[in-house]
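This briefing is written to be read beside the sequence and the 3D view. Please keep both at hand while working through the points below.

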2 protein chains.
Amino acid sequence: MAVEAEDPGYLIAPDPGAARLTRVVEGVDHEGAVTRISVVEERPLTIFLNGREIVTAMTIGDYPEYLALGFLRNQGMLAEGETVLGVDHDDELETVVVRTDGTTSYEEKLQKKTRTSGCAVGTVFGDMMEGLEGVTLPQLELRSSDLYALAAQINRTPSLYLEAGAIHGTVLCRGARPLVYMEDVGRHNAVDKIAGWMRAERVAAHDKTLYTTGRLTSEMVIKTAMMGIPALASRSGFTAWGVEIARQVGLTLIGRLRGRRFVCLAGEERLLRDADPASVAEENVRHRRKSAEG
Amino acid sequence: MAVEAEDPGYLIAPDPGAARLTRVVEGVDHEGAVTRISVVEERPLTIFLNGREIVTAMTIGDYPEYLALGFLRNQGMLAEGETVLGVDHDDELETVVVRTDGTTSYEEKLQKKTRTSGCAVGTVFGDMMEGLEGVTLPQLELRSSDLYALAAQINRTPSLYLEAGAIHGTVLCRGARPLVYMEDVGRHNAVDKIAGWMRAERVAAHDKTLYTTGRLTSEMVIKTAMMGIPALASRSGFTAWGVEIARQVGLTLIGRLRGRRFVCLAGEERLLRDADPASVAEENVRHRRKSAEG
C-alpha cells in the first residue's frame, strides 16, 4: 500500500481540547439525573469583501480567516489572480474583512444583479454553477488502497466529532496521507476552511483527494470542483444531482466508504483497484464514527 | 399513555414511492460489481416575494408552495397579518412566486439595508434573531410518554430516509400523534415546509411539538420559536448556542431521543415524566434509522 516511509502526520489536525470550541451544557436525562455534556460551540461570523457585507456564517470559530477566504473563493467571488491585501478578523465584532487590491469581479456582478432583481441572495447559487463552466479537473489516478488507508487514519484521529458530535469534518489528503483536517458545525464551513488554507498557502490541488463525513450533495461536489480537486470521498450517501455534476466535470466520486465497502459513482476509469477488499477489516465498532448528526 | 382513542394517522406522510423524488443511480461497489442505488433528487427552487428574488433553495421538490411560504415566514419576511394573494409554482422555471397585497415590511427593510451595506445576504441571519425579540412561547406541558410514543411511530413510518437516506425529516406532532411528516435534502427545508403548511392551513402552534432527525442548532431552535411551537425534540445532538436560545425563549428542548434515552436541555419544569423509562424498549436495530448523513 502507498504509505509514505515515515508518517509526517497532519499539517493541521483537529484540536478537540481547545477551550473555545466546546462548552459543557447541563441537562436532565431520561432517568431524571443531571448530566453534563460537552457540546460544540456555534458563533456567527460575518464575512466582508472590501466594504461589502457578504454573508453571516454559523461556525465553531476556529480559523476564521481561512473560512472567509475559502468561502469567497468557493463562491467565485475571489478569483485566483486577485491579490489579497489583508484578512482582518475582529473577535469582538465577530467579523472578517477580506481586502483586495481593487474591485473584484464579484462586486461588479453584484451591482449589475442588484439593478436587475434588487437582491443578491439568489445569485450565490447561480454564480457557483456559472463558475463551474470552465472547470476541467486533472485526470488523477485514485488508488483504492489509499482510500482504505485514509479512512482508517481519519476515523482514528481525535476530533471534536468524537468528543462532542454534531459536527462535520473534511480532510484534504494526498495519496494515503491526510494533510489538513477541518471540522465545523456549519454545513460547508469545513470545506471552505480547507479552500482558504489552500489559497493562503498556495497549495496545488491537482494531486489531492478530499474526504468528508457529510453527504455528497451538489453543493459539496461543486465546491470540490471549484477547488480543482479531482477526487472526493465520503463515508455518507449522495444525491442524484451530486453524482450527475461529478460525472459532468470529471470528478472521481466515492460514497459510503466504510470498512471494506464503498461505491464509485463517477470516474470509475480513474480508480485503480489495487487493494483486495477481503484483506481490509470491517469497521471496528469502537472506532466507528457516530452519526454526523449525533 | 396519552394515545388517542382511534389513530387517524398522518395528515401528510412521506411518499417514498413517488417517482419524482428518487432516482436510481448506477455505481461500482468495492468488489467491482455494478450496483444500482435509489438516491434522493435535489433540484434548485428559486423563491420570489412579489417582484423580488429572495433565495435559491436546494430541495427534493415536493410541496414547493409550502416551502416558499414557510421559508419567508421563518425568515420574518412574511408577517402573520399579511394577506397572501397567491403562491405560483412554475415547474419548468423552477420558481415559486409568493404574492402579497402590497409591499411587505421585508421589502422596506431590504431597501434600507441595500442602501447601507449594498447587499442583503447578510441580513437573513440578523432578521431571524431580531424576529425572536418579541417571541414568548406558551408554557405547554410535555409528557415523556408522548415523546416515546412519537419516536416509536416516526421511526416505523415508511420514508424517503429509510428508502434512500441522505435526507432530513421533521414532523409536526400534537400530544402522541404525528400529524405532518416532511422530508428534504436541504438542511432546513423540511421545517420550512411544515411552517408553510401551518400558515396555509391556519394551524395553531401552541399545542404542538416539533420532532426532527437533524441536529439542534441555533437555526433550528430559532425557526421553531418563530413558528410559536413550544417544544422541540430530536434524536440527534445539539450545539451550545441552540441550548442557550431555547432557554432564553422558553422552548422545551429534548435531544438524543433514542429508545428509552433522552436528555432535556431546556424547559425541564414543563416536562411531565409520566412514563417509566425501564418499560420502554431500547431501539430495535431493524427499526433504527440510519445516520441522517447516511
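Which strands of chain A does helix H7 (residues 218-226) lie across? The model discussed here is predicted. In it, helix H7 of chain A lies across strands S8 (168-174), S10, S11 and S12 (252-258) of the same chain. The points below describe the sheet to which these strands belong, and then turn to chain A as a whole and to one tyrosine position in each chain.

**The sheet shared by chains A and B**

- An open sheet is built from 8 strands, with the order S9(A)-S8(A)-S10(A)-S11(A)-S12(A)-S13(A)-S1(B)-S2(B) and mixed pairing.
- The edges are formed by strand S9 (177-184) of chain A and strand S2 (34-40) of chain B; each has a single partner strand, so one side of each is left without a neighbour in the sheet.
- On average, neighbouring strands of this sheet are turned by 30° against each other, direction ignored.
- Strands of a sheet pair through backbone hydrogen bonds, in either a parallel or an antiparallel manner.
- Strand S10 (residues 209-212) and strand S11 (residues 231-234), both of chain A, pair in the parallel sense over 4 bridges.
- Within this pairing, A:Leu210 has A:Leu232 in S11(A) as its bridge partner.

**Helices on the sheet**

- Helix H7 of chain A runs at about 145° to S11(A), one of the strands that it lies across.
- Helix H8 (residues 240-249) of chain A also packs on the sheet, where it touches S12 and strand S13 (261-266) of chain A.
- Helix H8 of chain A touches two strands of chain B as well, namely S1 (22-29) and S2.
- The direction of helix H8 of chain A makes about 55° with that of S1(B).

**Chain A as a whole**

- Chain A contains 8 helices and 14 strands.
- Of its 294 residues, 62% count as buried.
- Among contacts in chain A between residues at least 6 apart in sequence, 56% join residues at least 24 apart.
- Chain A exposes about 11300 Å², of which carbon and sulfur atoms supply 49%.

**Tyr63 in each chain**

- Most residues other than glycine have a negative phi.
- A:Tyr63 is not a glycine, yet has a positive phi of about 50°.
- A:Tyr63 is found in the loop between strand S4 (52-59) and helix H1 (64-74) of chain A.
- Is A:Tyr63 buried or partly exposed? Its relative accessibility is 31%, so A:Tyr63 counts as partly exposed.
- In chain B, B:Tyr63 likewise has a positive phi of about 50°, and is placed in the loop between strand S4 (52-59) and helix H1 (64-74) of chain B.
- B:Tyr63 counts as partly exposed, because its relative accessibility is 31%.

Conventions. Residues numbered from 1 in each chain as written. Chains lettered and ligands numbered in written order. Predicted model: local features only at pLDDT ≥ 70, side-chain atom pairs only at ≥ 80, totals over all residues. Heavy atoms only, no water. Pairing = 2+ DSSP bridges. Axes fitted to C-alpha atoms, helices over the stretch in contact; angles between N-to-C directions. Contact = heavy atoms within 4.5 Å. Buried < 20%, exposed > 50% of the residue type's maximum accessible area, 1.4 Å probe, protein only. Areas by Shrake-Rupley, 256 points an atom, 1.4 Å probe, with all protein chains shown as cover.
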